[in-house]
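Visitor: I'd like to learn how to read a fold from its coordinates. Could you walk me through one?

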Amino acid sequence: MVDAAHLRAQFLADLDGVASDRDLQVVRDRYLARKGGLVARLLKEIAGTPAADRPRLGQQANALKLDIEANIAARRERLAADRPVAGAIDVTLPGRRPALGHRHPLTIVRAQMEAIFTRLGFAVVEGPEAEDEFHCFDALNMPASHPARDMQDTLYLAGSMRGEAWTATGPRSADEQARDPRTLLRTHTSSMQVRYMQAHEPPIRIVVPGTVYRRDNPDLTHSPMFHQMEGLLVGERISLADLKGVLLTFAREMFAPSSRLRFRPSFFPYTEPSAEVDISCWACEGAGCAQCKRTGWLEILGCGMVHPAVFEAVGYDAERYTGFAWGMGIERIAILKYGVEDIRLFFDNDLRFLEQFPI
Ligand SMILES: [Zn+2]
């Protein structure tokens with residue numbers, strides 16, 4: 001038979017492990033439940049003992065029952081006292097992390113590009129987005145008759161540089177422009193090349209990241225607003241080999257150490273010779289896959305040796321100085337790097353897209 005002393009010791013051990021109201025209820029039921037409680041069972045067993053022992057055992061059992069009730073009441077009070085006051089700060093709770101935003105993929109790519117060119121000794125400069133025709137076109141060997149200057153391609157700002165309203169559409173003569181230069185949203189960051197060369201003597205090593213604007217309807221590959229990074233290096237005895245070296249270093253750091261470049265002859269008014277540059281596809285290492293449309297190559301930028309007419313426009317001695325320039329779309333680099341299929345995703349502000357990029 002279980003004796004009262006043994007049951008008391010067992011109860012005290014159980015009480016010791018109580019940490020909540022719920023624990024306490026379990027212990028209470030285990031000892032004091034009318035049906036199946038350990039005290040009730042003890043009393044039942046006492047009923048079956050010899051009559052001479054019953055009063056003593058009964059007394060012990062009753063004392064035990066009172067003792068258990070008192071202990072449980074005392075523990076219930078302690079638990080209530082320990083419970084935090086409503087609204088109080090519970091310093092034992094784990095901290096809540098503040099929600100951190102993500103950097104925009106174009107910001108990430110631009111920072112990587114700037115870091116690479118800065119290591120190569122290029123300074124990062126920025127220029128105005130509202131430009132005049134001289135810096136955006138004339139000085140870059142794009143005369144008044146150049147098709148890029150058409151209203152169909154370029155966003156002109158209402159009003160002239162002198163604040164007068166203008167109604168002209170399409171290319172205008174040099175005389176007309178001189179009388180009333182128009183303001184426009186720059187169509188390329190090359191306009192800043194001109195501004196920088198006007199203000200600095202060679203040698204020059206700059207990259208110009210920034211926003212550019214074209215009169216385009218948004219689709220998979222076009223956006224009326226996008227970003228470019230222009231590069232310009234001018235000095236004495238600068239050759240096409242220097243251009244290739246700089247671009248190859250960039251390609252290998254930005255994409256894959258095994259990257260190769262392919263220069264295809266092209267035409268830009270402000271460079272001669274000019275080239276479109278392709279990078280070997282890193283997904284298939286040139287074998288041909290879906291990303292490179294089975295060609296093994298991906299187009300990344302346009303470049304060339306600065307046209308002597310550009311040097312003349314900014315007052316440089318075209319006999320003495322040579323240089324090279326390139327222009328690349330920051331979206332284009334990001335599209336290739338991250339496998340983005342629609343340029344509009346960069347501007348839609350959809351968090352499902354943006355949250356995939358690092359903080
Ligand atoms: Zn490929």
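Guide: We'll go through the metal site, the cysteines, the sheet and its helices, and then one histidine. Keep in mind that this is a predicted model.

Visitor: Let's begin with the metal. Which atoms coordinate the zinc ion?

Guide: Look for donor atoms around the ion. Here the zinc ion is held by the SG atoms of C281, C284, C289 and C292, at 2.2 to 2.3 Å. Along the chain, these donors follow the spacing C-x2-C-x4-C-x2-C.

Visitor: And where do C281 and C292 lie relative to β8 and β9?

Guide: Both C281 and C292 sit in the loop between β8 (271-280) and β9 (297-306), so the pair ties together parts that are 11 residues apart in sequence.

Visitor: What is the arrangement of the four donor atoms around the zinc ion?

Guide: Check the angles. They run from 106 to 114°, which makes the arrangement tetrahedral.

Visitor: Are C281 and C292 buried or exposed?

Guide: Both are buried. For C281 the relative accessible area is 1%.

Visitor: With cysteines around, how many disulfides are there?

Guide: The general idea is that a disulfide is a covalent bond between the sulfur atoms of two cysteines. The cut-off is a pair of cysteine sulfur atoms within 2.5 Å, and by that rule the count is zero. Take C136: the nearest cysteine sulfur belongs to C303, 20 Å away. C136 is also buried, with a relative accessible area of 0%.

Visitor: On to the sheet. What is the order of its strands?

Guide: In general, strands of a sheet pair through backbone hydrogen bonds, either parallel or antiparallel. This open sheet has seven strands, ordered β1-β5-β6-β10-β9-β8-β7, and its pairing is mixed. At the edges are β1 (123-124) and β7 (261-268), each pairing on one side only.

Visitor: How many bridges join β5 and β6?

Guide: There are 10, in the antiparallel sense; one residue pair to look up is G210 with its bridge partner Q228 in β6. On to β10: β6 pairs with it antiparallel over eight bridges, and G231 has W326 of β10 as its bridge partner. The strands flanking the zinc loop do likewise, since β8 and β9 are antiparallel over eight bridges. There, S280 is partnered by W297 in β9.

Visitor: How many residues of β6 are buried?

Guide: 10 of its 11 residues are, so β6 is largely enclosed by the rest of the structure.

Visitor: Which strands does helix α5 lie across?

Guide: Helix α5 (residues 105-119) lies across β1, β5 (204-213), β6 (225-235) and β10 (322-329), at about 5° to β6. Helix α8 (residues 190-199) crosses β5, β6 and β10, at about 35° to β6.

Visitor: What covers the buried residues of α11?

Guide: The cover includes α5, β6, α9 (240-254), β9 and β10. The buried residues of α11 (residues 330-338) are I330, E331, I333, A334, I335 and L336. Right after α11 comes G339, with a positive phi near 65°.

Visitor: Last one: where is H227 found?

Guide: H227 is in strand β6 and counts as buried, at 18% relative accessibility. Its C-alpha is 4.4 Å from that of T211, although the two are 16 residues apart in sequence. Among the residues H227 touches are L106, M328, I330, E331 and F347.

Technical notes: Residues are numbered from 1 along each chain as its sequence is written. This is a predicted model: local features need pLDDT of at least 70, side-chain atom pairs count only at pLDDT 80 or more; totals for chains, interfaces and linings use all residues. Side-chain values use heavy atoms; hydrogens and water are left out. Donors are N, O and S atoms within 2.8 Å of the metal (3.2 Å for Na, K and Ca); water is not among the atoms, so sites may look incomplete. Four donors count as tetrahedral if all angles lie between 85 and 135 degrees; four count as square planar and six as octahedral if opposite donors are over 155 degrees apart and all others between 65 and 115; anything else is irregular. Helices (H or I, at least four residues) and strands (E, at least two) are DSSP runs, numbered from the N terminus. Buried means under 20% relative accessible area, exposed over 50%, partly exposed in between (1.4 Å probe, protein chains only). Two strands pair if DSSP finds at least two bridges between them. Contact means heavy atoms within 4.5 Å. Axes are lines fitted to C-alpha atoms, for helices over the stretch in contact, and angles run from 0 to 180 degrees between N-to-C directions. Lists of a residue's contacts leave out its neighbours within four places in sequence.
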